[in-house]
Amino acid sequence: MKLKKLLALTLAAAMTLSLAACGGKETDTTAASDNTDTTQTEASTETDDTEQQDTGAASGEALTYASITLGESYKDITTTIKFIHHKTDREEDGTIPAMIEKFNEMYPNITVETEGITDYQEDALLRLSAGDWGDVMFIPAVDQAELPTYFVPYGTLEEMAELINFEDQWKADGMCYGIGYMGNAQGLLYNKKVFEEAGITTLPKTPDEFIAALKQIKENTDAIPLYTNYAAGWTMGGQWDAFLGAITTGDETWLNQKFVHTAEPFADNGDGTGAYALYKILYDAVAEGLIEDDYTTTDWEGCKGMINNGEIGCMVLGSWAIAQMKAAGDNPDDIGYMPFPITVNGKQYATAGPDYCYGINVNASDENKAAAMVFVKWLVEESGWCDFEGGYPISKTAPTSFVFDGVEIVKNLTSLEGEEDFMNEMNAESELSFNAGGDIKVQRIVEAAATGAKNYDDIMAEWTQAWNDAQDELEIEVLY
């Protein structure tokens with residue numbers, strides 16, 4: 001079991017949640033996302049012995065996100081801070097340097113050094129364990145209980161809930177330790193013109209309607225109905241797993257509170273809902289030839305221009321991908337975003353959660369902590385980065401252009417007290433790794449459907465057996 005857990009933690013370090021693509025290659029996660037509790041990393045840090053000084057906005061005032069008034073607080077600080085991140089694309093295209101230049105118009109004496117890292121999850125975890133990473137980072141997959149060891153709290157969950165969305169994504173002891181740089185909603189990207197040419201007048205709301213729509217695209221256009229992005233890997237488990245929970249059940253407690261205690265989580269509900277219906281959409285689309293001709297040769301970078309110019313009907317990706325697809329060709333207005341085609345009691349749902357979240361080094365000097373907090377607040381409230389990426393809003397005060405009609409936004413509630421590690425342990429023991437790098441299991445669905453080697457119900461039976469065996473091994477009580 002220890003070996004399995006180590007493997008799962010390694011996989012989780014490379015997961016995607018539903019997150020913005022790293023240099024156009026992979027997200028995060030995570031997603032990072034509100035989908036699962038985060039995994040544990042064993043690491044230690046050394047205390048910074050730098051002489052501390054009071055750099056508060058007012059004498060004696062504690063450093064919190066809410067206490068900072070941008071343009072007024074900490075104006076006298078002169079220091080250099082370092083920010084490590086996964087957005088190599090935005091480093092290369094000048095977006096991040098331009099933001100820092102704008103930040104320095106307000107805070108000219110805070111120098112911000114940045115480093116974009118391609119293999120971010122693994123590298124960030126290694127740097128975190130070594131304690132030598134700088135002042136601001138995107139929080140990698142660490143256990144919530146470890147947050148105070150590594151990061152500065154922004155404030156209580158109650159006060160942060162007044163200022164940002166998803167304040168409880170990285171929480172410990174009633175405090176908020178992470179703030180998203182952008183939010184992600186979960187749905188499907190589609191080409192409006194392709195749908196129109198196919199004769200689809202109403203967006204599909206059920207699995208049957210969705211498969212019927214894909215057939216219309218195949219029959220009436222030259223576009224690939226559903227592009228799987230199989231070869232990329234992270235676009236499999238990282239994207240399809242993101243719909244588990246509230247989106248497919250209508251129950252915000254299902255994913256992180258009930259799933260581990262459910263005897264048959266992959267059973268057919270008989271009404272086109274739940275985990276069974278979710279993955280069956282993919283199986284049926286592949287089995288009926290509604291995907292690319294050769295799924296092994298899909299091209300992540302190439303698909304962006306393909307959907308922009310009408311060669312692809314739709315793709316399963318988080319809303320973070322909207323901006324990339326719009327920018328990939330001459331037809332940005334043809335790119336649309338729709339809810340996942342499952343309806344529960346007459347409603348369609350979408351979860352929304354943060355992408356990577358800013359964390360501030362607890363071992364930085366007081367001066368650098370304050371400068372880092374100012375920088376993070378400016379990024380969230382003034383930079384416009386979230387909106388530029390097409391993200392679901394993080395700040396509750398900054399303007400946003402995000403629109404997602406016809407869907408109720410929900411969240412997957414976090415685990416119950418005392419059960420924070422249950423999902424991580426079940427993922428490791430079952431080796432299914434939901435929302436934790438479980439790309440292979442979803443790729444196997446594509447392979448089985450394409451070759452006819454295994455029917456869908458057999459796959460679900462295998463998953464159920466693995467889940468039940470894990471429950472027995474971990475002595476997790478079955479309640480549902």
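This is a tour of selections to make in the viewer, with a note on what is found at each stop.

The model is predicted, so local features need pLDDT of at least 70 and side-chain atom pairs count only at pLDDT 80 or more, while totals for chains, interfaces and linings use all residues. Residues are numbered from 1 along each chain as its sequence is written, and side-chain values use heavy atoms, with hydrogens and water left out.

**Stop 1: a three-stranded sheet**

Select residues 155–156, which are β4, and 171–172, which are β5. Add 175–176, which is β6. Helices (H or I, at least four residues) and strands (E, at least two) are DSSP runs, numbered from the N terminus. These three strands form an open antiparallel sheet in the order β4-β6-β5. Two strands count as paired if DSSP finds at least two bridges between them. The edge strands β4 and β5 each pair on one side only. Two bridges link β4 to β6, and within this pairing G155 has C176 as its bridge partner. Strands of a sheet pair through backbone hydrogen bonds, either parallel or antiparallel.

**Stop 2: strand β13 and its neighbours**

Select residues 357–360, strand β13. Which residues of β13 point one way, and which the other? C357 and G359 point one way, Y358 and I360 the other, and all are buried. Buried means under 20% relative accessible area, exposed over 50%, and partly exposed in between (1.4 Å probe, protein chains only). In a regular strand the side chains alternate between the two faces of the sheet.

Now add residues 136–138, strand β3, which runs antiparallel to β13 and is joined to it by three bridges. F138 stands opposite Y358. Then add residues 179–180, strand β7, which is also antiparallel to β13, with two bridges. Here I179 stands opposite Y358.

**Stop 3: a salt-bridge network**

Select K82 and E115, whose side chains meet in a salt bridge (3.1 Å, N to O). K82 lies in strand β1 (residues 79–85) and E115 in strand β2 (residues 110–116), so the pair ties together parts 33 residues apart in sequence. A salt bridge is a side-chain nitrogen of Lys or Arg within 4 Å of a carboxyl oxygen of Asp or Glu. K82 is partly exposed at 26% relative accessibility, and E115 is partly exposed at 23%.

Add R127, which forms a salt bridge with E115, the closest N and O atoms being 2.8 Å apart. R127 sits in helix α4 (residues 120–130) and E115 in β2, so this pair ties together parts 12 residues apart in sequence. R127 is buried, with a relative accessible area of 18%. Include D123 as well: salt bridges that share partners join K82, E115, D123 and R127 into one network.

Next, select K87 and D89, another salt bridge, with the closest N and O atoms 3.4 Å apart. Are K87 and D89 buried or exposed? Both are buried. The model's count comes to 17 salt bridges.

**Stop 4: helix α12**

Select A285, which is in helix α12. A285 has 0% relative accessibility and therefore counts as buried. Add P225: the C-alpha atoms of A285 and P225 are separated by 8.9 Å, and the two residues are 60 apart along the chain.
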